[in-house]
Amino acid sequence: MNELSILQPDDWHLHLRDGSALGAVVGASGAQFARAIVMPNLKAPVVTVAQALAYRERILAALPAGSRFEPLMTLYLTETTVPAEVRAARASAFVHAVKLYPAGATTHSEAGVGDWRRVRATLAAMQEVDLPLLVHGEVTERDVDVFDREEAFIERVLVPLRGEFPELRVVFEHVTTRQAVDYVREAPGRIAATITPQHLLYNRNAIFSGGLRPHWYCLPVLKREEHRLALVAAATSGNPRFFLGTDSAPHAARLKEHAAACAGCYTAPHALELYACAFETAGALARLEGFASLYGPDFYGLARNRGRVLLRRAPWQIPATLPFGAEGIVPLAAGETLDWKFVGPTP
Ligand code: DOR
Ligand code: ZN
């Protein structure tokens, strides 16, 4: 197969940042995806519907002329988020979910939730109005090994939280382990998971091969090969609980190549190509469309897109660096060759 046409896909987990960084990255997502669930972890987090509206307008203003990319906004859950904000979000046409960052788990998570039991009233309102909860699924207790934080989150947070709110729609974001995949596959109720390209393509050796490679560092961190294989099996299984979310998380090269490197892989410019390579290696290119274009909108209760996009087998080299405001940014797998190239809308 040398060409692949799929229904126009969406990205169900994306970091777009703000200011000049936003201007530098948003066009890349808009070129490949019709819509994206936009993460709210700005330096000053997006905690109100009014802030989400203002951020949405900045995103739309930063798009290249003619782009019809639709940002699907989220709110950042804090211990002071009130149920009324949840109801206002549901009543808005543009807020589609609320994101739970355990405080201290990742970039700009300081304002997140220390203990989910303190946000019960807000979770109850979300369940009542059916606004999905998106979780960064890692515990933050420092005695838990960094490679075990996702597994611990399932037992310590996700199971009890979902036990108390069994009707709440939940997306377990960027799953990285066999345990998370097994949980999502087998758990009762309305649960789904996003999977990133880096977790499908690489195991943790990538961070350490030939030196410490910060551009392969993201959170949750890459895991062992057995986990990567479980993720590939889930993504390519045709199970609608697993769908595309790049977690493209741009940081300036200067802050990645740093003594305390920022977490995040920048994959927006070549996201579909990375996924196509992962699916082809698994012999499952025919399953890419469901994962990329069908199961996400179905879970969120949104209409599927109408147009189609084309990928072509045409090896090309990922650039070493790209402009990022006044700085540079290094995309994931910079300098490597990918077999598939995104062409654009199917003629
Ligand atoms: O690697 C990551 N980068 N993981 C996250 O959870 C946040 C993200 C970011 O915002 O940079
Ligand atoms: Zn993320």
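**Figure 1. Strand β3 is covered on both faces in this predicted model.** R35 and I37 lie on one side of β3, and both are buried. A36 and V38 lie on the other side, and they are buried too. β3 spans residues 35-38 and pairs with β4, residues 70-76. The pairing is parallel and runs over four bridges. I37 stands opposite L72 of β4. β2 and β3 also run parallel, joined by two bridges. Here L14 has V38 of β3 as its bridge partner.

**Figure 2. R35 is a buried arginine in strand β3.** Its relative accessible area is 8%, so R35 counts as buried. A polar side-chain atom of R35 lies 2.9 Å from the backbone oxygen of A303. Beyond four places in sequence, R35 touches P9, D10, D11 and W12. Its further contacts include F69, E70 and L72. P297, L302, A303, R304 and N305 are also touched by R35. R35 and P9 are 26 residues apart in sequence. Their C-alpha atoms are 7.8 Å apart in space.

**Figure 3. The eight-stranded open sheet is parallel.** Strand order is β2-β3-β4-β5-β6-β7-β8-β9. β2 and β9 (242-244) are the edge strands, and each pairs on one side only. From one strand to the next, the twist averages 30°. Strands of a sheet pair through backbone hydrogen bonds.

**Figure 4. Helix α5 lies across four strands.** α5 covers residues 149-164. The strands it crosses are β5 (95-100), β6 (133-135), β7 (170-172) and β8 (191-195). Relative to β7, α5 runs at about 175°.

**Figure 5. Helix α1 is kinked at V25.** α1 comprises residues 19-32, and its kink is about 30°. The buried residues of α1 are A21, L22, V25, V26, A28, S29 and Q32. V25, the centre of the kink, is thus listed among the buried residues. An α-helix has 3.6 residues a turn, so residues three or four places apart point the same way. The cover over the buried residues of α1 includes two helices, α2 (49-62) and α11 (271-281). Strands β2 (11-14), β11 (322-324) and β13 (337-345) are also part of that cover.

**Figure 6. Q8 reaches the backbone of Q32.** Q8 sits in the loop between β1 (3-7) and β2. Its relative accessible area is 17%; the cut-off for buried is under 20%, so Q8 counts as buried. The side chain of Q8 lies 3.0 Å from the backbone oxygen of Q32. Q32 is itself one of the buried residues of α1. Leaving aside neighbours within four places, Q8 is in contact with Q32, F33 and A34, among others. S293, N305, G307, R308 and V309 are further contacts of Q8. N305 is also touched by R35.

**Figure 7. Thirteen residues surround ligand 1.** Of these 13 residues, R17, N41, T106, L219 and H251 come nearest. A polar side-chain atom of H15 lies 3.4 Å from an oxygen atom of ligand 1. For T107, a polar side-chain atom lies 3.2 Å from a ligand 1 oxygen. L219 uses its backbone instead: an N or O atom lies 2.8 Å from a nitrogen atom of ligand 1.

**Figure 8. The L219 to P220 peptide bond is cis.** Its omega is near -5°. P220 is placed in the loop between α8 (205-208) and α9 (225-235). L219, on the other side of this bond, is one of the residues nearest to ligand 1. Most peptide bonds are trans.

**Figure 9. H174 and A333 have positive phi values without being glycine.** Most residues other than glycine have a negative phi. For H174, phi is about 35°. H174 lies in the loop between β7 and α6 (178-186). Its relative accessible area is 2%, so H174 counts as buried. For A333, phi is near 65°. A333 belongs to the loop between β12 (327-329) and β13. With a relative accessibility of 1%, A333 is buried as well.

Technical notes: Residues numbered from 1 in each chain as written. Chains lettered and ligands numbered in written order. Predicted model: local features only at pLDDT ≥ 70, side-chain atom pairs only at ≥ 80, totals over all residues. Heavy atoms only, no water. Bend = angle between axes of the 7 residues up to and from the residue. Buried < 20%, exposed > 50% of the residue type's maximum accessible area, 1.4 Å probe, protein only. Contact = heavy atoms within 4.5 Å. Polar contact = N/O pair within 3.5 Å; in protein donor to acceptor, adjacent residues only side chain to side chain. Pairing = 2+ DSSP bridges. Axes fitted to C-alpha atoms, helices over the stretch in contact; angles between N-to-C directions. Near = heavy atom within 4 Å.
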